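Please look through the structure below with this note beside you. The points are meant to be read in order, with the model open.

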Amino acid sequence: MNAELSSDDLDFQDEVRRFLGSELPDDIRGRVESGGRLSKEQHVRWQKVVYERGWAGVNWPRQYGGTGWTPVQKHIFEKECARAYAPEFISFGLKMVGPVIYTFGTDEQKQRFLPSILSSDTWWCQGYSEPNAGSDLVALTTTAVRRGDHYVVNGAKTWTTYAHRADWMFCLVRTGAADVKSQEAITFLLIDMTSPGITVSPIITLDGAHEVNEVFLNDVKVPVDNRIGEENKGWSYAKFLLNHERTNIAKVAISRQRLSQLKSLLLVTPDGLGGFLSDDPAFSRKLAELEIELKALEFTELRTLSALSTGESPGPQSSILKVCGTEVAQRIDELFVEAAGMAGLPYRPDHYLGNAEVDQAGCVESYVNRTPWYFNNRKASIYGGSNEIQKNIIAKTVLGI
Ligand SMILES: Cc1cc2nc3c(=O)[nH]c(=O)nc-3n(C[C@H](O)[C@H](O)[C@H](O)COP(=O)(O)OP(=O)(O)OC[C@H]3O[C@@H](n4cnc5c(N)ncnc54)[C@H](O)[C@@H]3O)c2cc1C
């Protein structure tokens with residue numbers, strides 16, 4: 001594979017850099033750089049800026065308002081956004097349900113839902129997992145019973161990220177017999193979160209943040225028009241979405257950004273022996289190993305993007321990206337905490353959850369959000385299908401075991 005950028009791609013890279021340099025608001029960049037959490041308002045404000053520029057639908061076809069970019073352009077865009085400390089797009093609308101709707105939805109559903117996903121006017125959450133159906137998703141028991149022109153939905157979803165911020169939820173429900181554990185009895189519904197009968201209850205994660213929730217559905221009426229595709233065929237749409245989700249989960253560009261941030265920090269972090277951690281051979285070795293793995297991952301990501309752009313399914317590569325991408329990201333988190341030492345011990349919710357600014361020039365302050373981030377990101381090897389499950393998929397599809 002030729003990794004050199006063409007002159008057109010270099011021009012595109014300049015264009016993206018100019019855009020980020022002039023349009024990314026300082027407060028948002030500062031939050032991302034310091035590892036603090038962003039408010040919904042900050043996410044929406046940034047996604048709208050990108051939308052106005054016509055770049056929100058990075059992976060979407062042009063006919064639906066997407067960029068129509070080549071795989072290399074998408075790669076450049078993600079890399080430059082990470083390099084500039086732009087926030088990641090919230091993926092539930094733009095990267096998950098959006099592609100499901102434009103691939104399997106009716107014309108009416110496309111017109112109704114796609115524009116507000118692109119403009120970030122509606123926020124989505126993913127209602128797949130249930131208390132007894134995570135890895136074994138097909139065991140889900142939330143039921144939808146058809147009554148004329150609507151379904152009546154009952155059940156409970158869990159770990160639902162941003163359900164408290166979402167306007168809509170894409171949801172897997174059982175439409176066949178409740179006691180039959182079958183992929184053939186699952187349907188994909190779009191549920192308005194303001195519907196009567198929905199209760200959202202927070203789950204606070206290890207870092208003290210409110211990110212995930214339980215969602216209880218009690219006699220929730222959902223119009224049949226909100227069903228994607230055919231009744232009982234939801235499993236195939238769900239799998240299509242999961243493959244996309246896992247490809248996005250690798251986050252190579254973000255890991256590269258964080259590794260380079262860590263390298264700069266080590267230059268000013270005392271090693272306790274009169275020098276700096278950047279001189280420490282043990283640290284240098286760990287950094288070099290991670291850089292090599294990231295490079296390999298970057299090429300796998302490019303191959304996957306290329307396959308996606310020709311209409312191929314990413315297949316087992318998305319599982320490889322998920323496992324390796326999250327393992328590298330978590331090792332970078334560990335190195336941050338190791339480098340922080342005592343500076344990583346105080347918990348400062350005012351910095352992490354609130355809006356207190358972090359002085360990036362001060363070495364101790366720069367580490368303030370790293371330990372909560374480390375705790376939060378333990379999730380990466382669990383969500384989107386745990387890494388153990390991805391290894392099973394790789395064993396079956398690649399190794400034939
Ligand atoms: C922070 C966070 C956010 C999430 N956001 C969402 C969301 O927005 N929407 C949503 O629908 N879900 C979400 N999830 C749920 C996530 O997809 C599930 O947690 C995940 O699929 C694992 O399911 P489980 O938690 O039920 O664990 P279990 O399936 O009970 O697994 C427990 C452990 O056993 C292992 N295990 C299970 N089966 C096997 C097997 N066959 N072989 C080997 N090992 C196995 C697993 O790897 C895991 O380590 C989120 C999870 C987290 C942690």
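The numbered points that follow go from the domains to their contact and then to the ligand.

1. Please keep in mind throughout that this is a predicted model. The protein chain is divided into three parts, with domain 1 covering residues 7–88, domain 2 covering residues 124–232, and domain 3 covering residues 251–397.

2. Consider next how domain 2 and domain 3 are placed, since their C-alpha centres lie 32 Å apart. The contact between these two domains takes 7 residues from domain 2 and 9 residues from domain 3.

3. The size of an interface is often given as the accessible area lost when the parts come together. For domain 2 and domain 3 the area buried between them is about 570 Å², and carbon and sulfur atoms give 52% of that area.

4. Which residue forms a salt bridge with E211? The partner is K379, and the closest N and O atoms of this pair are 2.6 Å apart, which satisfies the rule because a salt bridge requires a side-chain nitrogen of Lys or Arg within 4 Å of a carboxyl oxygen of Asp or Glu. Across the interface of domain 2 and domain 3, the rule finds 1 salt bridge.

5. The interface of domain 2 and domain 3 also has 5 residue pairs in polar contact. On the side of domain 2 that touches domain 3, the residues divide by class into 2 nonpolar, 3 polar and 2 charged.

6. Turning to the ligand, 18 residues are around it, and those that come nearest are S135, W159, T161, S386 and E388.

7. Some polar atoms of the protein can be paired with particular atoms of the ligand. A polar backbone atom of Q126 is 2.8 Å from a nitrogen atom of the ligand, while a backbone N or O atom of S129 lies 2.8 Å from a ligand oxygen atom. In N392 it is a polar side-chain atom that lies 3.1 Å from a nitrogen atom of the ligand. On its own the ligand has 970 Å² of accessible area, and the protein covers 66% of this.

Conventions:
Residues are numbered from 1 along each chain as its sequence is written. This is a predicted model: local features need pLDDT of at least 70, side-chain atom pairs count only at pLDDT 80 or more; totals for chains, interfaces and linings use all residues. Side-chain values use heavy atoms; hydrogens and water are left out. Domain bounds come from an automatic or database domain assignment. Contact means heavy atoms within 4.5 Å. Buried area is the accessible area (1.4 Å probe) that two parts lose on being put together, summed over both. A polar contact is a pair of N or O atoms within 3.5 Å; within protein, one must be able to donate a hydrogen and the other to accept it, and residues adjacent in sequence count only if both atoms are side-chain atoms. Ala, Val, Leu, Ile, Met, Phe, Trp, Tyr, Cys and Pro count as nonpolar, Asp, Glu, Lys and Arg as charged, and the others, Gly among them, as polar. A residue is near a molecule or strand if one of its heavy atoms lies within 4 Å of it. Accessible areas come from the Shrake-Rupley method with a 1.4 Å probe; for residues, only the protein chains shown count as cover.
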